[in-house]
Amino acid sequence: MQASGILRPVDRNGRVVIPKELRKQLGIVDEVDSFEIFVDGDMIILRKYQPKCIFCGSEGDVMQLKGHKVCLGCIDRLSAMKNSL
């Protein structure tokens, strides 16, 4: 893990601002991207949320299907299974 040397205070609502330079460097889009929050000992870890397919766990070509994230490959496989019935 690489230290950035940047310190940010926690406001009274528990919020911490991620500096614009880091958001730009990591490709974080304001009001679009979300984060997963993990705790490891005394560390809080933020990871940019990437939707994953509920079937295979793929992060590529994922779309909403009846409230679930499903990749195009699994949609094709499900369609082929349906057609073979």
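This text walks through the strands, turns, pocket and cysteines of the structure above.

The model is predicted. Confidence comes first. The protein chain has an average pLDDT of 90. A score of at least 70 is reached by 100% of the residues. Among the elements of the chain, strand β1, residues 35-40, has the highest mean pLDDT, at 94. Strand β3, residues 62-65, has the lowest, at 88.

Start with β1 and follow the chain into β2. These two strands pair in the antiparallel sense. Six bridges join them. One bridge links D40 to M43, and M43 sits in β2. The two strands form a hairpin, with two residues between them. In this hairpin, G41 takes a positive phi near 65 degrees. G41 is a glycine, and the general rule concerns other residues. Most residues other than glycine have a negative phi.

Two residues depart from that pattern. One is D61, which is not a glycine yet has a positive phi of about 50 degrees. D61 belongs to the loop between β2 and β3. Is D61 buried or exposed? Its relative accessible area is 58%. The cut-off for exposed is over 50%, so D61 counts as exposed.

Next along the chain comes the second hairpin. Here β3 pairs with strand β4, residues 68-71. The sense is again antiparallel, as it is for β1 and β2. This time there are four bridges. M63 has V70 of β4 as its bridge partner. Two residues lie between β3 and β4 in their hairpin.

The turn of this hairpin holds the other residue with a positive phi. K66 lies in the loop between β3 and β4. Its phi is near 50 degrees, a positive value in a residue other than glycine. K66 counts as exposed because its relative accessibility is 81%, and exposed means over 50%.

Now turn to the largest pocket. It holds about 1,100 Å³ of space. How many residues line the largest pocket? There are 24 in the lining. S4, I18, L22, I44 and L46 lie nearest the centre of the pocket. Two elements, α1 (20-25) and β2 (43-48), each give two or more residues to the lining. The largest share comes from β2, with six residues. So β2 has two roles in this account: it pairs with β1, and it contributes to the pocket lining.

What kinds of residue make up the lining of the largest pocket? Nonpolar residues number 16. Four residues of the lining are polar, and four are charged.

The cysteines remain. A disulfide is a covalent bond between the sulfur atoms of two cysteines. How many disulfides does a search of the whole structure find? The search finds zero. C56 is in no disulfide, and its nearest cysteine sulfur, that of C71, is 3.7 Å away. C74 is in no disulfide either. For C74, the nearest cysteine sulfur is also that of C71, 3.7 Å away. A disulfide needs the two sulfur atoms within 2.5 Å.

The surroundings of C56 and C74 can be read from their accessibility. C56 counts as partly exposed, because its relative accessibility is 44%. C74 has a relative accessibility of 6%, so it counts as buried. The cut-off for buried is under 20%.

Note on methods: Residues numbered from 1 in each chain as written. Predicted model: local features only at pLDDT ≥ 70, side-chain atom pairs only at ≥ 80, totals over all residues. Heavy atoms only, no water. Buried < 20%, exposed > 50% of the residue type's maximum accessible area, 1.4 Å probe, protein only. 1 Å grid on protein atoms, 1.4 Å probe; cavity = no way out; pocket = protein on both sides within 12 Å on 5 of 7 lines; lining within 4 Å. Points joined across faces, edges and corners; volume = space filled by probe spheres on them. Nonpolar A, V, L, I, M, F, W, Y, C, P; charged D, E, K, R; others polar. pLDDT = per-residue confidence, 0-100. Pairing = 2+ DSSP bridges.
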